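Please take a moment to look over the sequence and the model shown below, and then follow the text through it step by step.

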Amino acid sequence: MTPSPDPKPLQYSALQLAWLHELGIDKPWLPGDARAVPATSSGTQAEAPGKAEARLNGAAVSNPSAAPVTTTRAPTRGAASKPQQAAAPMSAVSIAAMTALTAAAAAAASDLESLTLAASACQACGLCRQRDQVVMGQGVTQPAILVIGDGPGEQDDRKGLPFMAESGALLDQMLLTIGSARTRDVYLTNLVKCRPPGNRLALREEIAACQSYLVRQLELLRPFSILALGRVVAQSLLNTDEPLQNLRGRVHQLEVAGQTIPLVASYHSGHLLNHPADKAAAWQDLQLLRTLRR
Ligand code: SF4
């Protein structure tokens, strides 16, 4: 899918301008307006929208119909700023066995509700042991934007809903600045559906075990675009080890379950809480995402 040139200039209300000020952005700019793009702390500027293609683990499940509405839960951390924990020594065979377990359960789910039920009973990885609730997601079906974080946080685990803490509030503000909201045209979810203990990032094998649920969500939700939040999410979805700085600022194409979905990677809102200088780059990514809007 090719990003169209910005179809209609965004008119900022006083409220949106106030939100932008809260985000630390006093002068909104649009993609391509190089003069107005402030420098980022990482020193990276958005590249001209280019294309990159990736397949989500070669995932190819059957093609289901979209189900109506939904609800499940979310996280709150600076994924981009946290080092990934070393993967536990687990064999490829063990990971494949865990993935096979969830693949069968996810494929059998005909709608989001039954998928949530399947995940609620899932014990395919160790994250099931300390969860309070499974956090599948929240938002609308056929969303304009599917936001994917790394994993549920403590409050998400308690409430059963995603992005419930401070970073979720910041994400909501950021989405509002481009005219989107989780109650309107967005769906929020995570790579893993159970909370990693101690607010750590999910391990490689946990992400692999849980991937079938995400793939099935993509089939059922049929999102128009994806916003991948944080390094671990971007690298996992795009199957690459490239740093986030190289992945953000351009449009990738994710092939999954017979769909090709444009994907923009950016900083996790939890990271932005601790690195406000990166908000400018995140704003730039949101503007790029907005140009993809149908
Ligand atoms: S994180 Fe995913 S794979 Fe692991 S127990 Fe929870 S639902 Fe199952």
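A good place to begin is Val256, which lies in strand β6, made of residues 251-256; strands here are DSSP runs of E with at least two residues, helices are runs of H or I with at least four residues, and both are numbered from the N terminus. Val256 has a relative accessible area of 1% and is therefore counted as buried, where buried means under 20% relative accessible area, exposed means over 50%, and partly exposed lies in between, with a 1.4 Å probe and protein chains only. From C-alpha to C-alpha, Val256 is 10.0 Å from Leu237 in space, while the two residues are 19 apart in sequence.

Before going further, it should be said that this is a predicted model, in which local features need pLDDT of at least 70 and side-chain atom pairs count only at pLDDT 80 or more, whereas totals for chains, interfaces and linings use all residues. Residues are numbered from 1 along each chain as its sequence is written, and side-chain values use heavy atoms, with hydrogens and water left out.

Taken as a whole, the protein contains 10 helices and seven strands, and 56% of its 294 residues are buried. Among the contacts in the protein with a separation of 6 or more, 81% join residues that are 24 or more positions apart, a contact being a case of heavy atoms within 4.5 Å. The accessible surface comes to about 12000 Å², and 53% of that surface belongs to carbon and sulfur atoms; such areas come from the Shrake-Rupley method with a 1.4 Å probe, and for residues only the protein chains shown count as cover.

Leu237 leads us to helix α7, residues 231-238, which is mostly covered, since seven of its eight residues are buried. Those buried residues are Arg231, Val232, Val233, Ala234, Gln235, Leu237 and Leu238. Ala234, found in this helix, has a relative accessible area of 0% and so is buried. Leaving aside residues up to four places away in sequence, Ala234 touches Ala228, Leu244, Leu247 and Ala265. The C-alpha atoms of Ala234 and Tyr267 are separated by 9.5 Å, although the two residues are 33 apart along the chain. Just after α7, Asn239 takes a positive phi of about 55°.

What lies between α8 and β6? The loop there, between α8 (244-247) and β6, holds Gly249, a residue that is buried because its relative accessible area is 2%. Its C-alpha atom is separated by 7.2 Å from that of Val264, 15 residues away along the chain.

Two further loop residues can be set side by side. Phe163 is found in the loop between α4 (154-159) and α5 (166-176), and its phi is near 50°, a positive value in a residue other than glycine. With a relative accessibility of 1%, Phe163 counts as buried. Asn199, in the loop between β4 (186-190) and α6, has a positive phi of about 60° although it is not a glycine. Asn199 is partly exposed because its relative accessible area is 27%. Its C-alpha atom is separated by 8.8 Å from that of Gly151, with their positions 48 residues apart along the chain.

Which residues surround the ligand? They are Thr102, Cys122, Cys125, Leu127, Cys128, Arg131, Lys193, Cys194, Ala209, Cys210 and Tyr213, a residue being near a molecule if one of its heavy atoms lies within 4 Å of it. Helix α6, residues 204-221, gives the largest share of this shell, namely three residues. The shell divides into eight nonpolar residues, one polar and two charged, where Ala, Val, Leu, Ile, Met, Phe, Trp, Tyr, Cys and Pro count as nonpolar, Asp, Glu, Lys and Arg as charged, and the others, Gly among them, as polar.
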